[in-house]
Structure formats: structure tokens, C-alpha cells
Amino acid sequence: MNANILRLSPAAERNKRPILDVLRQVLPEQSRVLEIASGTGQHAAWFAAAMPGWRWQPTDFQADALPSIRAWAADTTAGHVLAPLQLDVLAPHWPVGPEPFDGIFCANMLHIAPWATCAALMQGAARHLTPLGALITYGPYLEDGVPTSPGNLAFDESLRRENASWGIRRREAVEGEARRAGLMLSERHALPANNLLLVWRREP
């Protein structure tokens with residue numbers, strides 16, 4: 001392991017266990033999983049090591065993230081984390097091959113990317129999921145009729161100050177983009193630190 005390459009996200013360390021607990025309920029024990037916006041690579045290594053039947057394909061928009069993803073994968077006993085790919089969610093064609101995925105996992109991307117990435121994620125998931133596959137998104141959301149925590153309100157303000165195209169997304173607006181792509185919200189899981197894990201599946 002090269003400490004100069006390996007990146008560490010404290011948030012990923014904190015949330016990996018509660019996310020995994022839900023992923024085990026959502027994904028079959030034998031699954032092909034595509035991860036969008038893998039970041040440091042911690043989730044890919046942790047989840048694949050915990051579930052030997054998951055074949056995990058990490059990706060990230062930033063080319064400079066790929067060495068850290070590779071380093072995390074090399075530091076785990078799981079040999080089923082594939083080589084990371086550079087993937088722009090806005091691209092009309094994703095470089096992941098023709099075989100569909102049982103799951104697509106995307107954590108903490110929608111609020112630090114332009115709103116157009118939400119529609120692109122939903123459309124890409126509709127293209128690349130198996131008929132019974134699931135898109136799983138994780139992160140903070142605003143919801144109609146649900147009080148927003150002071151921490152999330154402050155976080156949202158800080159994001160918008162940093163970049164006007166960023167910000168915590170309203171769950172109902174995300175649902176609208178999902179419907180346009182033929183997906184529907186099938187599960188909502190409240191996780192620690194005011195985050196939600198949402199499961200999206202094809203409309204029946």
C-alpha cells in the first residue's frame with residue numbers, strides 16, 4: 001500500500017457499516033455492482049471484502065481518484081474489485097460494457113455536482129441495470145413535510161456558497177427525474193448523521 005496514493009475520507013469510514021447493513025438487504029449475495037463516484041475507494045474495498053459474492057466495478061469522474069481506488073482495492077483480501085474506470089455520468093455512453101448490473105451504487109454525489117447529473121444518473125441506471133436491478137443512492141436530502149436538521153441546513157448553505165450549482169437535493173425532485181427514466185423509489189432508509197439511503201427500481 002502506498003500511503004502517498006491512498007486517500008482517506010473520515011465520512012466514508014463512519015458510514016460504511018450502516019450502508020453495508022442495508023446493501024445486504026437490497027442486493028443478492030451474488031451480484032455485479034457498478035459504483036458511480038467511488039471517491040477514495042474505501043467503500044469499494046470494504047463492501048467487496050465483506051461480501052465475497054459481489055463483483056464490484058468502481059468508477060470516478062476524476063482521473064486523479066483512480067490511484068487511491070486501486071490502492072484500497074489492493075489492500076483488501078477481496079480480489080473481486082475490478083480495476084477502476086474513469087466515468088463521466090453525463091456522458092451518453094458509459095464505458096462499462098454491455099453486461100447489465102444487479103446494482104448501481106452512488107454515494108454523496110448529487111449534492112456536489114450540477115443538477116444535470118441527477119437525470120444522467122437515473123438514465124444511465126435505466127440503461128445498465130438488469131430488469132430486477134436496483135439503483136442505490138446515499139447522502140443528505142431535503143424532504144417535503146420532514147424537518148431539515150440544522151446541520152444539513154448549514155451544510156446546504158456552505159455548498160451553495162462554494163458552488164452555485166451544488167446543494168442538497170430535494171428527494172421529491174430526484175423522484176421526478178427517476179420517473180422520467182422509468183424508475184421509482186421502492187425503499188427509503190434513514191441512516192445516521194441525517195442521511196438517507198434510497199433504493200430505485202424499474203417501474204412495474
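Modeller: Before we start, a cavity here is a set of points where a 1.4 Å probe fits but cannot get out, and its lining residues have an atom within 4 Å of a point. Keep in mind that this is a predicted model.

Colleague: OK, which element gives the largest share of the lining of the largest cavity?

Modeller: The count comes to 1 cavity of 30 Å³ or more, with about 60 Å³ of space in it. Its lining consists of C106, A107, N108, M109, L110, H111, T137, Y138, G139, P140 and Y141. Two elements, β4 and β5 (129–139), give two or more residues to that lining. The largest share, 3 residues, comes from β5.

Colleague: And how many residues of the lining of the largest cavity are charged?

Modeller: Go through the classes: 7 of the lining residues are nonpolar and 4 are polar. For charged residues, the number is none.

Colleague: C106 is on that list. Which cysteine sulfur is nearest to that of C106, and how far away?

Modeller: A disulfide needs the two sulfur atoms within 2.5 Å, and by this rule the count comes to 0 disulfides. C106 is in none, and the nearest cysteine sulfur belongs to C118, at 9.4 Å.

Colleague: Is C118 buried or exposed?

Modeller: The cut-off for buried is under 20% relative accessible area. C106 passes with 2%. C118 has 1% relative accessibility, so C118 counts as buried.

Colleague: On to the pockets. Which element supplies the largest share of the lining of the largest pocket?

Modeller: That pocket has a volume of about 1,000 Å³. Its lining has 41 residues, with A37, A107, N108, M109 and I112 nearest the centre. Elements giving two or more residues are α1, β1, β2 and α5 (150–162). The largest share, 5 residues, comes from α1.

Colleague: How do the residues of the lining of the largest pocket divide?

Modeller: Start with the charged ones, which number 6. The rest of the split is 13 polar and 22 nonpolar.

Colleague: Which element gives the largest share of the lining of the second largest pocket?

Modeller: This one has a volume of about 180 Å³, and 14 residues line it, with Y141, E143, V146, P147 and N194 closest to the centre. Its lining splits into 7 nonpolar, 5 polar and 2 charged. At least two residues each come from β6 (141–142), β8 (183–191) and β9 (195–202). The largest share, 3 residues, is from β8.

Colleague: Now the sheet. Which strands stand at the edges?

Modeller: The sheet is open, with 7 strands in mixed pairing, and the order reads β3-β2-β1-β4-β5-β9-β8. A strand with a single partner has one side left without a neighbour in the sheet, so the edges are β3 (85–86) and β8.

Colleague: Which residue in β9 does M184 stand opposite?

Modeller: β8 and β9 run antiparallel, joined by 8 bridges. Opposite M184 in β9 you'll find R201.

Colleague: Last one: which residues of helix α2 are buried?

Modeller: Look at what covers them: the list includes α1 (10–26), β1 (31–36), β2 (54–60), α3 (66–74) and β4 (101–107). The helix itself spans residues 42–50. Its buried residues are Q42, H43, A44, A45, F47 and A48.

Technical notes: Residues numbered from 1 in each chain as written. Predicted model: local features only at pLDDT ≥ 70, side-chain atom pairs only at ≥ 80, totals over all residues. Heavy atoms only, no water. Buried < 20%, exposed > 50% of the residue type's maximum accessible area, 1.4 Å probe, protein only. Helix = DSSP H or I, 4+ residues; strand = E, 2+ residues; numbered from the N terminus. Contact = heavy atoms within 4.5 Å. 1 Å grid on protein atoms, 1.4 Å probe; cavity = no way out; pocket = protein on both sides within 12 Å on 5 of 7 lines; lining within 4 Å. Points joined across faces, edges and corners; volume = space filled by probe spheres on them. Nonpolar A, V, L, I, M, F, W, Y, C, P; charged D, E, K, R; others polar. Pairing = 2+ DSSP bridges.
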